[in-house]
Amino acid sequence: MVTHADNALFKMLKESLQRRIEKWFDFRSHIALRTKLLFSHSLSNRGYYGKVLFYHDTQKLELKVQTTEQAATQGLSKDLKSLSGGEKSFSTICLLLSLWEAIGCP
């Protein structure tokens, strides 16, 4: 038999879960924004331009990188598959460092 107290408890737990989910979405968006800024900053140390695109709904991540040479000639950004080995390594390290900084635990 379900009592009034059980219904009240169920309602409180449901509201608590909803608040936690909303806070998680907010937290996740702040991590993504911080990662984007840190990634751009890290790439700029070498004169590159780039951005990180987060697709939370499909759980995908996309990197766009533009090297100094590309900026002067083409104006297009490359995905990671078309970068040279050194450019790919540098971009990957920049991503890892920016994620590390953005998600850092106290």
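Is K64 buried, partly exposed or exposed? K64 is partly exposed, because its relative accessible area is 21%, and buried would mean under 20%. Keep in mind as you read that this is a predicted model. The protein has three helices and two strands, and from the N terminus on these elements run α-β-β-α-α. Let's walk through the structure topic by topic.

**The whole protein**

- The protein has 106 residues, and 20% of them count as buried.
- Its accessible surface comes to about 8100 Å², and carbon and sulfur atoms account for 61% of that area.
- If you take the contacts between residues at least 6 apart in sequence, 36% of them join residues at least 24 apart.

**The nonpolar core**

- Nine residues make up the largest nonpolar core: F39, L43, Y48, V52, L63, V65, L83, C94 and L95.
- Three elements each give two or more residues to this core, namely α1 (4-44), β2 (60-66) and α3 (85-103).
- F39 is one of the core residues, and it is a handy one to click on in the structure.
- Leaving aside its neighbours within four places in sequence, F39 is in contact with G50, K51, V52, L63, K64, V65, S91, C94, L95 and S98.
- Among those partners of F39 is K64, the residue from the opening question.

**Two threonines side by side in the numbering**

- T67 is found in the loop between β2 and α2 (68-73), whereas T68 is found in helix α2 itself.
- T67 counts as buried because its relative accessibility is 2%, while T68 counts as partly exposed because its value is 40%.
- Not counting residues up to four places away in sequence, T67 is in contact with Y48 and E87.
- By the same way of counting, T68 touches R46, G47 and Y48.
- Y48, a member of the nonpolar core, therefore appears in the contact list of T67 and in that of T68, where contact means heavy atoms within 4.5 Å.
- T68 and Y48 are 20 residues apart along the chain, yet their C-alpha atoms are separated by 5.6 Å.

**The salt bridges**

- The count for this model comes to two salt bridges.
- One of them joins R34 and E101, with the closest N and O atoms 3.1 Å apart.
- R34 lies in helix α1 and E101 in helix α3, so this pair ties together parts that are 67 residues apart in sequence.
- R34 is partly exposed, with a relative accessible area of 38%, and E101 is partly exposed too, at 45%.
- E62 forms a salt bridge with K64, and here the closest N and O atoms are 3.1 Å apart.
- E62 counts as partly exposed because its relative accessibility is 27%, and its partner K64 is partly exposed at 21%.

**A nonpolar patch on the surface**

- L17, I21, W24, F25 and F27 make a nonpolar surface patch of about 510 Å².
- F25, one of the residues in this patch, has its place in helix α1.
- F25 counts as partly exposed because its relative accessibility is 43%.
- Helix α1 is also among the elements that give two or more residues to the nonpolar core, and R34 of the salt bridge with E101 lies in it as well.

Note on methods:
Residues are numbered from 1 along each chain as its sequence is written. This is a predicted model: local features need pLDDT of at least 70, side-chain atom pairs count only at pLDDT 80 or more; totals for chains, interfaces and linings use all residues. Side-chain values use heavy atoms; hydrogens and water are left out. A nonpolar core is a set of buried Ala, Val, Leu, Ile, Met, Phe, Trp, Tyr and Cys residues joined through side-chain atoms within 4.5 Å. Buried means under 20% relative accessible area, exposed over 50%, partly exposed in between (1.4 Å probe, protein chains only). Helices (H or I, at least four residues) and strands (E, at least two) are DSSP runs, numbered from the N terminus. Patches are made of residues with over 30% relative accessible area and no salt bridge: like charges are joined within 9 Å, nonpolar side chains (Val, Leu, Ile, Met, Phe, Trp, Tyr) within 5 Å. Accessible areas come from the Shrake-Rupley method with a 1.4 Å probe; for residues, only the protein chains shown count as cover. A salt bridge is a side-chain nitrogen of Lys or Arg within 4 Å of a carboxyl oxygen of Asp or Glu.
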